[in-house]
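Open the model in your viewer and keep the sequence panel beside it. The stops below each give a selection to make and then say what is found there.

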Amino acid sequence: MRMADLATDSNKMICPRCGVEMNHHCDKIVYTTDPEEAGRDPSLGGFIEEIHTCPKCGVAASRHGIE
Ligand SMILES: [Zn+2]
């Protein structure tokens, strides 16, 4: 577990459908060979994609991590 996971998450995604705070479900690594890809981490060979789900309507959304 990263330290960031222990802190209060003040950077929650907002559900585009119902406007409530979404739960940070998981992270996954998206591999890319494009060096211009935003957020790409050379040590990982890709970038972190955060998966968020809405506790109210269940919609899932993702965004690039900002690590
Ligand atoms: Zn929702």
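Colour the whole chain by burial: buried residues make up 6% of the 67 residues in the protein. A residue is buried if 20 or more other C-beta atoms lie within 10 Å of its own, exposed if 12 or fewer, and partly exposed in between, with C-beta atoms placed from the backbone. This is a predicted model, in which local features need pLDDT of at least 70, side-chain atom pairs count only at pLDDT 80 or more, and totals for chains, interfaces and linings use all residues. Residues are numbered from 1 along each chain as its sequence is written.

**Confidence**

Switch the colouring to pLDDT, the predictor's confidence in each residue, from 0 to 100. The protein averages 82, and 78% of the residues score at least 70. Select helix 1 (residues 3–6) next: confidence is lowest there, at a mean of 52, whereas strand 3 has the highest, at 92. Where pLDDT is low, the predicted coordinates should not be read in detail.

**Elements and sheet**

Show the cartoon. The protein has 1 helix and 3 strands, and from the N terminus on the elements run α-β-β-β. Helices (H or I, at least four residues) and strands (E, at least two) are DSSP runs, numbered from the N terminus.

Now select the strands. They form an open sheet of 3 strands in the order 1-2-3, with antiparallel pairing. Strand 1 (23–31) and strand 3 (60–64) are at the edges, each with a single partner strand, so one side of each has no neighbour in the sheet. On average, neighbouring strands of this sheet are turned by 25° against each other, direction ignored; the axes are lines fitted to C-alpha atoms, for helices over the stretch in contact, and angles run from 0 to 180 degrees between N-to-C directions. Two strands pair if DSSP finds at least two bridges between them. Strands of a sheet pair through backbone hydrogen bonds, either parallel or antiparallel.

**Strand 1 against strand 2**

Select residues 46–53, which are strand 2; 8 bridges join this strand to strand 1, and the two run antiparallel. Within the pair, K28 stands opposite E49 of strand 2.

Go to Y31, in strand 1. Is Y31 buried or exposed? Y31 is exposed, because only 11 other C-beta atoms lie within 10 Å. The bridge partner of Y31 in strand 2 is G46. Y31 also touches G45 and G46, not counting residues up to four places away in sequence; a contact means that the C-beta atoms of two residues, placed from the backbone, lie within 7 Å. Measure in the viewer from Y31 to L44: these are 13 residues apart in sequence and 7.9 Å apart in space, C-alpha to C-alpha.

Next, select N23, also found in strand 1. With 15 C-beta neighbours inside 10 Å, N23 counts as partly exposed. Residues up to four places away aside, N23 touches H52, T53 and P55. The C-alpha atoms of N23 and G58 are separated by 9.9 Å, with their positions 35 residues apart along the chain.

**Strand 2 against strand 3**

Move to the other pair: 5 bridges join strand 2 to strand 3, and these strands run antiparallel. T53 stands opposite A60 in strand 3, and E49 has H64 of strand 3 as its bridge partner.

Select I48, which lies in strand 2. I48 is partly exposed, with 17 other C-beta atoms within 10 Å. From I48 to H64 the C-alpha distance is 5.9 Å, at 16 residues apart in sequence.

**The hairpin loop**

Select the hairpin of strand 2 and strand 3, which has 6 residues between the strands; G58 takes a positive phi near 85° there. K56 is in the loop between these strands. K56 is partly exposed, because 13 other C-beta atoms lie within 10 Å.

Which residues does K56 contact, leaving aside its neighbours within four places in sequence? They are C15, C18 and V20. K56 and C15 are 41 residues apart in sequence and 8.9 Å apart in space, C-alpha to C-alpha.

**Last view**

Finish with a contact map of the whole chain. Among contacts in the protein with a separation of 6 or more, residues 24 or more positions apart account for 43%.
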